[in-house]
Amino acid sequence: MADSILAVPGQAAGEFKLMGKIRTADEVRLDVPEGILNIGGNGKGFILQPRIDWDPTAPANQDGSLDNLALGDDVYLYAVQQANGRAHLVASRNITVPDGYGPDESRRIGGFHFGRWRPLAERYNAAYDPSVIVMPTSVWDLKHRPKCDPSGMVEFMPGWWVDIYLASEDGAPWPETVPLSRYNATPLTGTEGYSRYLDYPRLLANAGKYVPTLAQFYVYADGAPQGNDGNNDTAWSATSNSGRTATGTVAKAVSCAGVVDAAGNVWEMLRDHYDVGSTSSNDYSYDRTIVENGKDSGHNRGEIYHRHWRMWLAGGRWGHGVRCGSRCAHANYNPWLVNGGTGLRGVCDSL
């Protein structure tokens, strides 16, 4: 690999620079700016030549795992070593290394999500059937990404990322469970024994994320159509529904940021909470019962001094019909409740 070392002399391990951001060129193509990067250790510098209108599904550009690219797939871009000092770009559904390469000769530098997309021109259009494309807001690279794992996330405003899908479980036992943002998964709720404000923040922290605010919900949910009473055409909302459904079941339930099920399916827990009641200090009292809920209810964890502690939920749930929507919110729920109708979605700021 002598030629590759000479291409960018003295480049340190971890070096990565691009002349801009990786962006979508059309529904399944990318524009990748030129740059330099290290692959494999100190001194192993490579030139990354620009790619214009680059197709990650073309046989020469992927490792074979994208032959049947499907809705809900996360795709990762790898720069791999070449003897001429120029890095080859390989797309893969593998999150570790692309097929045919090892960790010393490849480096994950970016990625995207292949999912449903609602453009701004179709904001709140209940008749629009979203296309399945490389989601423009999901494209990331090592310099433009959330602090957490970017899989299954979109940038809903500059510097802020949110899960595309309602959180589901990864299968690890509590308290090491990591919530996932995955298509066609069962959204976790209190049915799995989680308390809203006692357990959900811990769950998201395991993924390097945290609970969104109502103001953030209003941004990432914008453009998603309202639900209906009599059917599930625009959201999982029909009054005849008896429970939650898999993430992404309703094709039209997509916001203009690319967020799925922001309206309907299950309530989304938000960070906003408050205490209500009279102004009298006599109205306050210590309460132990409200912390004896959720996954750790068998442990003594102190007491909360409050009057009437409440929180915000948003989006609506499966049987709320026309009440479900991108501006739907409820301010009179108990934060400590273990409830089968409330799920969550994580947010994270950028590097």
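These legends go with a set of close-up views of a predicted model.

**View 1. The largest nonpolar core and the residues with the most partners in it.** This core has 33 residues, and Leu30, Leu37, Leu48, Leu77 and Ile109 are the ones that touch the most other members. Two or more residues apiece come from strand 1 (16-18), strand 3 (29-32), strand 5 (45-48), strand 7 (73-80), strand 8 (88-92) and strand 9 (106-117). Strand 7 is the top contributor, giving 6 residues.

**View 2. Ile109 and its contacts.** Zooming in on Ile109, and skipping neighbours within four places in sequence, we find it in contact with Phe16, Leu37, Leu48, Leu77, Ala79, Leu89, Trp140, Asp141 and Leu142. Three of the names on that list, Leu37, Leu48 and Leu77, also join Ile109 among the core residues that touch the most other members.

**View 3. The largest pocket.** Its volume comes to about 170 Å³. The lining is made up of Lys21, Ile22, Arg23, Thr24, Pro136, Thr137, Val139, His144 and Glu155. Sort those residues by class and you get 3 nonpolar, 3 polar and 3 charged.

**View 4. The largest cavity.** The structure has 2 cavities of 30 Å³ or more, and the largest encloses about 50 Å³ of space. Around it sit Leu71, Gly115, Arg116, Met135, Ile164, Tyr165, Tyr183, Gly248, Val254, Gly258 and Val260. By class, that lining splits into 7 nonpolar, 3 polar and 1 charged.

**View 5. The second largest cavity.** This one holds about 40 Å³ of space. Its lining residues are Asp74, Val75, Tyr76, Phe112, His113, Ser138, Trp140, Pro150, Ser151, Gly152 and Met153. Strand 7 and strand 9 each put at least two residues into the lining, with strand 7 giving the most, 3 residues. The class count here is 6 nonpolar, 4 polar and 1 charged. Two names link this view to earlier ones: strand 7 also gives the most to the largest nonpolar core, and Trp140 is one of the contacts of Ile109.

**View 6. Cysteines without a disulfide partner.** Searching the whole structure turns up 0 disulfides. For Cys256, the reason is plain distance: the closest cysteine sulfur, in Cys328, is 18 Å away, so it is too far for a bond. Cys348 isn't in a disulfide either, though here the nearest cysteine sulfur, that of Cys148, is 3.7 Å away. The cut-off for a disulfide is sulfur atoms within 2.5 Å, so a pair at 3.7 Å doesn't make the grade. Both Cys256 and Cys348 are tucked away from the surface: Cys256 is buried at a relative accessible area of 10%, and Cys348 is buried at 1%.

**View 7. The cis peptide bond at Pro175.** Trp174 and Pro175 are joined by a cis peptide bond, with omega at about 10 degrees. Pro175 sits in the loop between strand 14 (167-169) and strand 15 (179-181). As a rule, most peptide bonds are trans.

**View 8. Two positive phi values in one loop.** Most residues other than glycine have a negative phi. Asp261 goes the other way, with a positive phi of about 60 degrees. So does Asn265, whose phi is near 75 degrees. Where are they? Asp261 lies in the loop between helix 3 (214-220) and strand 16 (267-276), and Asn265 is also in the loop between helix 3 and strand 16. Asp261 is buried, with a relative accessible area of 1%, and Asn265 is buried too, at 0%.

**View 9. Val322 and its neighbours.** Val322 is in the loop between strand 19 (308-314) and strand 20 (329-333). Buried, exposed or partly exposed? Its relative accessible area is 39%, which makes Val322 partly exposed. Not counting residues up to four places away in sequence, Val322 touches Gln226, Gly227, Asn228 and Asp229. For a sense of scale, take Ala79, which is 243 residues from Val322 along the chain: the C-alpha atoms of the two are separated by 48 Å. Ala79 is also one of the residues in contact with Ile109.

Note on methods: Residues are numbered from 1 along each chain as its sequence is written. This is a predicted model: local features need pLDDT of at least 70, side-chain atom pairs count only at pLDDT 80 or more; totals for chains, interfaces and linings use all residues. Side-chain values use heavy atoms; hydrogens and water are left out. Helices (H or I, at least four residues) and strands (E, at least two) are DSSP runs, numbered from the N terminus. Buried means under 20% relative accessible area, exposed over 50%, partly exposed in between (1.4 Å probe, protein chains only). Contact means heavy atoms within 4.5 Å. A nonpolar core is a set of buried Ala, Val, Leu, Ile, Met, Phe, Trp, Tyr and Cys residues joined through side-chain atoms within 4.5 Å. On a 1 Å grid over the protein atoms alone, a cavity is a set of points where a 1.4 Å probe fits but cannot get out, and a pocket is an open set with protein on both sides within 12 Å along at least five of seven lines; lining residues have an atom within 4 Å of a point. Grid points are joined across faces, edges and corners, and a volume is the space filled by probe spheres set on the points. Ala, Val, Leu, Ile, Met, Phe, Trp, Tyr, Cys and Pro count as nonpolar, Asp, Glu, Lys and Arg as charged, and the others, Gly among them, as polar.
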